[in-house]
Structure formats: structure tokens, C-alpha cells
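Me: I've got this model open on my screen and I'd like a close look at one part of it. Could you pick a spot in the backbone and talk me through it, then work outwards from there?

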Amino acid sequence: MAAECVPEGPDLKEMGDEDVWELINDNRHRISLGVKPCMLIPYLRQARVLTEMDEDEILSSLKLTNRSMRTSHMLDLLRIQGRNGAMALLESLMIHYPALYTQVTGRKPSTEPSGFSGLIKCSDLTEYLVRAVTGMQKELQEARQEASRLGSRCTSLEVELGQTLEQQEESRRLKADHGRMRKNLAAAQHDILKLKDEKCDLYVRYTAAIEERSAANIHCSDLNLQVYQLQFELRKAQTETDFERQRSLKCTTPSETQQLREEISTLRRQLLVAEKFTPAREDILAQDLAEARDGRVELAEQLRCYREENEQLARERRETVEHKECLALQVQKLTLDCEMYQQKSTVIQSQLRELQAERDHAYLSRDEAQAQIARSLAEKDTLRSQLVELQEVFTLRAWGPFRGGPDTPGERKFSWESQGSSSDSLPSSPPPRPRLRRMHAICPDSLRGCSIKSCDITPSSVRSQNVEPPCPESLRRREETLWYNRDSSETAECDVLLDNDFVFIPSGNAVEQSVMSPTPSCQSNNSDGLSRASAPPFLLRSRPRAMRITGRVLTISFQGEALLSQLQVVGGNKTGVFVHQVTEGSAANTVGISSGAQILEVKYEQAQQALRMVLEDSTLEEAMWALGQVRGFCHLSLRPNQDAYEKLLLQLQSGEAMSGDSFYVRVNMSLPGGSQDALTVSCNEILHVTSTRPAGADCFWRASHVHPCQLLDLKTGNLPNYYRAQRLLIRAIEDMSFQPMTLRKAQDKKKTVRIVSTGRQGRNPLWVCVEDSKDKSTGPGDASAPRGCLTLMPYTLVTPHYPPVCRPVLLLPTILGRVLDQKLAEWQGFQLCEPELLSSSEHAARLQRSEVLEECEQGGQRCYTLQSVERVMKQGTHCVLPLGLDCVRRLHRAEIFPIIIFIGHSKCRARKLKSKLQRQGWSEEQLLECSRSEESLLDKLPCLYRSVSPDSWYDKTTLLTTLRSIIWEEQKKIVWVEPDLW
């Protein structure tokens, strides 16, 4: 190892103080961005370059809002320590951040004792390094166990993959059979078409035969008419012949006779022609008619046969189609099963990655807990030493008069009314460095002990004993619950919202001004030797007051057993919770509670623990749950608000409102509609909850869909309440893990579950705040839940925002966004965000103010800032952001809400962008990997986003056109933002 760690940079031991700090300041931005103070502080404390107060100031100061500011402040404190601070910082970097240590010093890290400056003893250093190595060995052992488990899992997955391949082969065979059946079906359809054509030809021939028959009948009628005319003419000619014969007998001349003979011969010829024409024509026509009749019968018989064949072919076609549908269903089923096994392996891999992330988070929580334990132990040792000093001083001064020793001039007289600390009794000692104080904080545990605690603070400020920094809610509550001194023992009570069952009563009849100590003093049997004026006060439980008035807020104390049976409440989070009816003869009626009083908070004891629930802005469901938890003596804070109560009753009676509840939520799971007027909801949909306790629907809320562009309620229905929906969410996640993959493909196209947890807040933001004496906040059913627990959230509170005319545009995945940003910026109404060149001081200042969105290159001075985005927005154009997902929360803090568009990808679509990606130096695999990694991070965004399906575009032009239409649609919508839970 000595050969590997040959130093490449200057020797730090030979450098002066200013040179070492100049080396650190040159790399200050890297240290501020890449170092966690909580990891370096234990080593710096052991090296004695940071004190306990410095540690509290770094980790707990409210002015240091982010990690970079805390690291920068730690460097400022180390700068005061000179060379020791610099060497301790570099040694801690060498242990915890070896890569950063090499960048700063130019030397390779070494764990040899000669490589350290000697600020820590060799034994302590060895112990520290052994602990670090032991932790790493445990992590390595756990990683090996995890690798063995994953290996066995991979073996089982390979077996499943083999089965999947066999099923895939079977599906291929079924596809081949399906193709053969399709060919047979096509041939049958071709034959049917030929038969249809022949049938049409027969119909044409039959129609032509019928027309010929009609023409023959008409011609026969004409011929019969001609025969009748000829017969008439023949009878007429015979009549004339008879007449002429008779006339010729009477007077005959040769000329006339010759003429008559000629006429007779002519008539005979005509008669012969007529007689020969008529029978033959009639025979021909009769024969044609018979033939036409026979052809008609034959055509009818052929038509009947064709109809029967057509019906048989139709039946066969239906049977073939049904068989085809059965085969297609089997093919689809086998295809979905194959995809199920493929995606199951993908889900298992993602779960493994999530487990690794949870393991890293658990390691970080363990380190933080160890740091907190170390701080608490150090504070405990300090308090013990102060306790010993105080006991010695008290004993000496209390027995001084009995020994007859005169007081020295430099010694002051001790009394219980003095407000000085124990260090005031030692005038020769230098004044100690002032400790970090948490003003106006009350530690309830200090009222139960009987030992003297640290007295180095003023009596009006009590130091918190909690090793963790107080939350903002705790500070606000502590500011409201200040302790005030009273002029006499008769008025010595706490006039605050927080209940105090103890008051200080001075022993004796003398009424003097008493100062309340942060902890009670122990009663001693030797108190007779002390003067009455200097005797210590003792604790006496005071009689509970029936009513405490603070301004317009009344705190009423009474026996609240079965509180909901004593009074009824109405209202909600929008109007407040009001007392509606009070049961006659109950304890609530006895103390004077009446209708129209707004309930602000309730305090009671449960399992020997004092709990306080704030109901000022809670929903009706939360308020009824909180009041139902009261079992025994309670304190109810009320505010007379008759006008608001009457207005609420008027709205309820007129039907204008269902209750006093009104808030908007973002649904994190899909809920199908069902019975009881259930509302069909999709994942990531916004709902307006108007009632948390609707009539006749237990465990349900009354909610409505919200118009995307206006605050208008659309369809209304029932929605499962928070904890019922939470169980449905857990069940849905379990079903997704174990369900067959036949439905997984359809679920992937439409998102069904969004996993969101309460994170590090430790409590549900949709539930009432329950606070015990140690400032813990929990939800219902778990009044003492740990601060670091994770709870799945089916609904998330959201607030509406109305952004300006042109919102910034962020395209994802980041690699494709770099390709499309320049093209999109060339369109009218769009402009690309340009980076700014900042100096080192300006870069550090803006970095502390969180105005730097992203750096163009690591350690460079060209950065994308909030000011550059605001300049583009002021021009009335859309600012195209060439950034990643990390900039979204920084933009939201500045009230800038970008339009986030995620473009879905497939291998086919990535192949069409191959040339564009190669110009930027990326490949198709990198694009798909970036898309998968960033798609998993979209659910952690505190706002909605828009997805573009891969099937909706096929080249770059259509994609840009689709993006432009989506931007116009998103610009019109309301922006819903949820609180940042992480």
C-alpha cells in the first residue's frame, strides 16, 4: 500500500497555514457541493477543532437552509482554528471522501499513521478506523448474502425463461397453423366470389329469357290480329264475289267476265297465302313458347340449387371465422404470457434497485442516529459535570452560616431568587463561551425530575433536552406557551394554551417574587437550616381551573368521557369545526359549552402521555376521530364565532354546500367505478373533496372531477377515504407483484399506481396533528410512531397555481431533449435558455441563494440561472430548458412552473433518430437507458407531467408538431402543485 500511495502533490506538513487554507478555498465549491457535514463532524469533534455548540449551530441553525450552506459555515468555523482545522478537514476528507481529497490536495489517500497530523491520538485514530472498516465488512457480508440470494433467484428466472421459450415455440406453431387456416379461408372466399359471379350470370340470362318471352307473346298477338283482319277481308271478298256472280248471271259480258276472273284468281292467291302462313306461324310460336317454359323451369331449378350451395358456403364461412377467432385468442394469450415472464424479470430487477436504495437510506439513517446519540451523550456528560458543581456550591453556601465563616469579599450571597448560573460563584474563572440557546422552548420531562439541571441560561428561557432540532411546528407552539412570572403565589398559574398542572408555591407565609426554574428542586430534610427567604420552592399540583380566557379563546376543562355523546359537531377545514348540539345534563353542558363555538384544539392524556390535537383547520372526519379518542379529563379550546356558524348552517340548509370541507387532492392510484355511486378515477387525476363524512356512506368521501382549465366541479360521486384508499393501494401493489402478465401490457400503457410516501415528515399531511409532550407528530391509530417511518399516500394535497402566459418547456428524456431543443427554439414563440458566465464570487453567492439551476460543466463558471429563465419569460415567449429533472424543484421555489413533457420510446422509434443521436455523440442504447431511468423519477415530481406515446409519432417532424400542440394545451391548464414531501 505504501507503494500505491506515493504522494503526487506538495507535502501538506511543510505548507503554511495560509497556503493550506488557500488550497482549500480554491476547491471550496467542490467541498460545499460534495460533502455532507454530518459525516465529517464526528472526526472533527474527536480532533477537537469543533465544539458541541459548533455542531449544533451547523446542523440545527434555521438560517442554513441547505447542505451547501451548512458545509460552507463549517469551513468558516474551521478557518478560525487555523492549521489544525485545515489538517483535520483534509484528514476527514481522506477517510470519507478519498476522491475529493485527491482533487483538493493532488495526493493519493493513505491510512498509514504517518499520513495524519497527530491531532488525534494513535489509539483513538486506530479505533476510529477499525469502526469504519468493521462497518464496511458488515456491508460487504450483507452484499455477498444479497448476491447469493439474487443468484438463486436468477437460476429460478432462467428456468422460467426456458418455459417461456417453449411456450413461445408453441405460439409460433399456432401462428403457422393460423396462417394455413387463413390461406384456406381466402381460397374458400375466392370460390364463393366465383359462385356469386355465376349466379349473377344466371340471373341475367333468366331476365333475358323473360324479356324474349314477353316479346314473343306480343308478336303472337299481332299475328292473331292480322289473321282476324284477313278473315274479315275474305268474308267481304266472298260476299262481293257472290254479289258479282249473281250480277254476272243476270248480265255477263266477256270483258267483265275476264276482269272478274282475274280478280277471283288474285283473291284465291291471297287466300292461299293466308291459309299457308297462319298455321305454320302458330306452330312456330307454340314451339317457342314451350321451349321458353321449359327453359324457365330449368333456370328456376338451377337457381334453387345455387341458393342451397350459397347457404352451405355461408355456414362453412361462419364456422371458419369462429375457428379463426379461437385460434387468434389462443395466440394472444400465449403472447401475453410470454410478455408477462419478460416483464416480470424487469420488475424484479427494479425492485432490487429499490431495495438497494432503501438499504443506502437505512445506512444514512443509522449514521444520523449514531451522530445524534453521540451528541446526546456529550450533552449528558456536560450536564452531569454542571450538576456536581452546583451541588458542591449549594452545600458550601448552605452550611456557611453554621460554621461561622465570614463571606469573602469576592463571594456573593446565594439565594433561590438569584438568576445567575453556577459559574457566577467563581469570579476568578474567565467567562465561559456563550452556548447555543433555543429560546422559549419547554421540555415537559424537566417537570418530572428532581435533580438540578444546567443553570447557565436565564430563568425565562428553558433549554430543550431533545437531541434532535425542534421542528417549525414545535417552535411555533413553544412561542405560544411561554412561562411568565407572577407577583404573588395566588396568581402563579400559566396563562397559555399549553396545560400546566403544576405551579410554584414558596414555603412560608412571606410573599416574594419567585422565579421558576426549568427543573424542580429536590426537597431536603435539612431545609430547616436555611433561611425562609432562601428556602427553595417546591412543586404542588394545582386545582384544575374550569375555564381559562386568553383573548377570545376559551380553554374549558371538564370530564370528557365519551365526548361525542355529549356534543355534536359540524363544519370542516374550510369553515372550521363548530359545536352544533350539546346533550342536556352532560359534563359539556354543565361547564357552559353551547352551539356556535369553534373548536380550536383538544388536549387529554392517554397511556400516561399528554396529547394535543389542533383542530382549527382540520376536516370533519379528522375532528370526529380526534374527539372520539378522548377518554377522561380533557381541555377544550373554543372561540365564539356565531356569525360563521350561522352562515355554515344557512349553506347546509340551502344545499349550497354539503359540509364545511373543501380541498383538492391528486389521486395516486386508479379506482374503478362500482356500487354506491362510486366515482371512476384515474391515476394522477385532480379531485375536489367537498365532504369527508357524507350521510349514509361510511369510509367514503364526496368528491368531484375538476375542469382542467377552470376551478369548476364536473361529475360528483363517492370516493374511498384516506385509510380505505391506502389499503386499496397496498392491495393493488401486491396484485401488481404477483398477478399474471396477461394484463400487464394494458396497464403499462395507462398508469394505475403512483407510489408516494410521507418521507421524512413523519406524519400524514392530510390528517390532524397529534403532538405529545416530546413534540412527536403522528396520525390516527399510532400515537407514538417513529419519526423516520414511511407511509404510502393514496391522495396528495395540491394547490392551484395560475402561471403567466408563457411557461418554460422541459423535454425528457434529457438526451432527446438536447436533440429537439434547438429545433423547437427555431419556431415562433420559443427561445432557448442561454447559460451565463459568472465569476467565482458571484457563482458562490448565487449557489447559496439556490439561483443556479445547472452547471454547463462540472466545476465550470457557465451556469443556467433563474434570471436567464425570467428574462425569456418577460419577453412573452416559451423558454426551452436544456436541463434535467433536478431543476424542477428550484424553479417551483421561484414560482416558475415549467411544462414537463416525457417522450416515450421504443427500439423502432430510437432507430429512426439514430443519425441525430450520432451527431451529438450518443447511441440508441444510451437513449433507451436514459428514458427508463428518468421515467422512474417522474412520479417523484411535485407536479403533473404530460407523456407522448411512441405510437403517436414516427419521425422528427411529426414529433415537433405533436409537441407544439401539447404545449398549447398545457398552457391553458391550471398547474396543480403538491408539497415537497422529501
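Reply: Go to the loop between strand 4 (553-559) and helix 12 (563-566), where you'll find Ala 562. Keep in mind that this is a predicted model. The phi of Ala 562 is near 50°, a positive value in a residue that isn't glycine. That's worth a second glance because most residues other than glycine have a negative phi. Ala 562 is partly exposed, as its relative accessibility is 38%, and the buried class is kept for values under 20%.

Gln 608 is another non-glycine residue with a positive phi, about 60° in this case. Look for Gln 608 in the loop between strand 7 (597-605) and strand 8 (610-614). Its relative accessible area is 79%, so Gln 608 is exposed; the cut-off for that is over 50%.

While we're on backbone geometry, check the peptide bond from Leu 812 to Pro 813: it is cis, with omega near 0°. Most peptide bonds are trans. Pro 813 sits in the loop between strand 18 (809-812) and helix 18 (814-825).

Now for some glycines. Gly 82 comes just after helix 5 and has a positive phi of about 75°. Gly 106 follows helix 7, and its phi is positive too, near 75°.

Helix 5 itself deserves a walk along its length. Helix 5 covers residues 67-80, and at 1.5 Å a residue its 14 residues should span 20 Å; the end C-alpha atoms are 21 Å apart, so the two figures agree. At the N-terminal end, Asn 66 acts as the cap, with a side-chain oxygen 3.3 Å from the backbone nitrogen of Ser 68. Ser 68 is also one of the buried residues of helix 5, along with Met 69, Thr 71, Ser 72, His 73, Met 74, Leu 75, Leu 77 and Leu 78. What covers them includes helix 1 (17-26), helix 2 (28-34), helix 3 (37-46), helix 4 (52-60) and helix 6 (83-96), plus helix 19 (840-848).

Helix 7 (residues 98-105) buries Leu 100, Tyr 101, Val 104 and Thr 105. Looking down the axis of helix 7, you'd see these buried residues fall within an arc of 115°, so they line one face of the helix. Helix 1, helix 2 and helix 6 are among the elements that cover them.

Carry on past helix 7 and you reach Arg 107, in the loop that leads to helix 8 (122-250). Arg 107 counts as buried because its relative accessibility is 18%, and the limit is under 20%. From Arg 107 to Met 94 is 9.6 Å in space, C-alpha to C-alpha, with their positions 13 residues apart in sequence.

If you're wondering about cysteines, the count of disulfides comes to 0. Cys 305 is partly exposed, with a relative accessible area of 31%, whereas Cys 930 is buried at 12%.

Stepping back to the whole chain, there are 25 helices and 26 strands. Buried residues make up 37% of its 982 residues. Take the contacts between residues at least 6 apart in sequence: 71% of them join residues at least 24 apart. The chain exposes about 56,900 Å², and carbon and sulfur atoms supply 53% of that area.

Notes: Residues are numbered from 1 along each chain as its sequence is written. This is a predicted model: local features need pLDDT of at least 70, side-chain atom pairs count only at pLDDT 80 or more; totals for chains, interfaces and linings use all residues. Side-chain values use heavy atoms; hydrogens and water are left out. Helices (H or I, at least four residues) and strands (E, at least two) are DSSP runs, numbered from the N terminus. The expected span of a helix is 1.5 Å times one less than its number of residues. Buried means under 20% relative accessible area, exposed over 50%, partly exposed in between (1.4 Å probe, protein chains only). Contact means heavy atoms within 4.5 Å. A polar contact is a pair of N or O atoms within 3.5 Å; within protein, one must be able to donate a hydrogen and the other to accept it, and residues adjacent in sequence count only if both atoms are side-chain atoms. The arc is that of the directions from the helix axis to the C-beta atoms. A disulfide is a pair of cysteine sulfur atoms within 2.5 Å. Accessible areas come from the Shrake-Rupley method with a 1.4 Å probe; for residues, only the protein chains shown count as cover.
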